[in-house]
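Biologist: I'd love a close look at one part of this model. Could you walk me through it once it is on the screen?

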Amino acid sequence: MKAFLFTAIMCTAVVQLSAQENIIWAEGQPLRWYDFAGPVKDTSRFDAESFAEVRYNYRFNSATDFYFEVYAKFDKSVSWCKKEYQSEALLRHEQLHFDIAALYAQKLKAAFENFQYSDDFKNEIFQIFNQKKTEYHLVQQLYDDETNHSLNVNNQKDWEKAIAEQLNKKKYQLNLAKK
């Protein structure tokens, strides 16, 4: 019994630690500088770096009976900032990287749910994900290029407005949706 209790406590601690290292995107819950808990890359030419990604899980019973969970995740353990360069403008820039991940989570979920699947659904899901992942990375790079990593204030504001408008078209949902 003691071994089971110890194992249960350790599993709970590992799950809680993992949850503390990740933030799932939610409207109205902005990043804070303390979320950038990863080791600073002193040799980097950048003042901060956020690690945001789109993740998914699914349950597939048939071509017409399936569930998708799609979300944007921020990994605190590898995201970092140089404390001497922290500013509200830089934090907004990093937040928008996370917001773009949330937007692409929405786009991926819609693509999954609007596809007509065949018996090769695993490959089809993988292909849809890879297509959206490629688009996501291109948009992230375009964002950094056009804003010069937050230094172009006017373009930064334009991007913030555009991404906010797109996110508001369809509210991000973390719940599994059945089609």
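Which residues lie nearest the centre of the largest pocket, and how many residues line it?

Modeller: Happy to! Please keep in mind that this is a predicted model, in which local features need pLDDT of at least 70, side-chain atom pairs count only at pLDDT 80 or more, and totals for chains, interfaces and linings use all residues. Residues are numbered from 1 along each chain as its sequence is written, and side-chain values use heavy atoms, with hydrogens and water left out.

Now to your pocket. Its lining has 32 residues, and Glu49, Ser50, Glu94, His97 and Asp144 lie nearest the centre. A pocket here is an open set of points on a 1 Å grid over the protein atoms alone, where a 1.4 Å probe fits, with protein on both sides within 12 Å along at least five of seven lines; lining residues have an atom within 4 Å of a point. The volume of the largest pocket is about 770 Å³, taken as the space filled by probe spheres set on the points, which are joined across faces, edges and corners.

The elements that give two or more residues to this lining are β2 (48–49), β3 (52–62), α2 (88–113) and α3 (121–147). Helices (H or I, at least four residues) and strands (E, at least two) are DSSP runs, numbered from the N terminus. Helix α3 supplies the largest share, nine residues. By character, the lining divides into 13 nonpolar, 10 polar and nine charged residues; Ala, Val, Leu, Ile, Met, Phe, Trp, Tyr, Cys and Pro count as nonpolar, Asp, Glu, Lys and Arg as charged, and the others, Gly among them, as polar.

Two of these elements are also linked by an aromatic pair. Tyrosine 104 and tyrosine 136 form a tilted pair, 5.9 Å centre to centre with 55 degrees between the planes. Rings of Phe, Tyr and Trp (its six-membered ring) pair if their centres lie within 6.5 Å; planes under 30 degrees apart count as stacked, over 60 as edge-to-face and the rest as tilted. Tyrosine 104 lies in helix α2 and tyrosine 136 in helix α3, so the pair ties together parts that are 32 residues apart in sequence. Both tyrosines, 104 and 136, are buried, meaning under 20% relative accessible area with a 1.4 Å probe, protein chains only.

For the wider setting, the chain has four helices and six strands, in the order α-β-β-β-β-β-α-α-α-β from the N terminus.

How values were computed. Buried means under 20% relative accessible area, exposed over 50%, partly exposed in between (1.4 Å probe, protein chains only).
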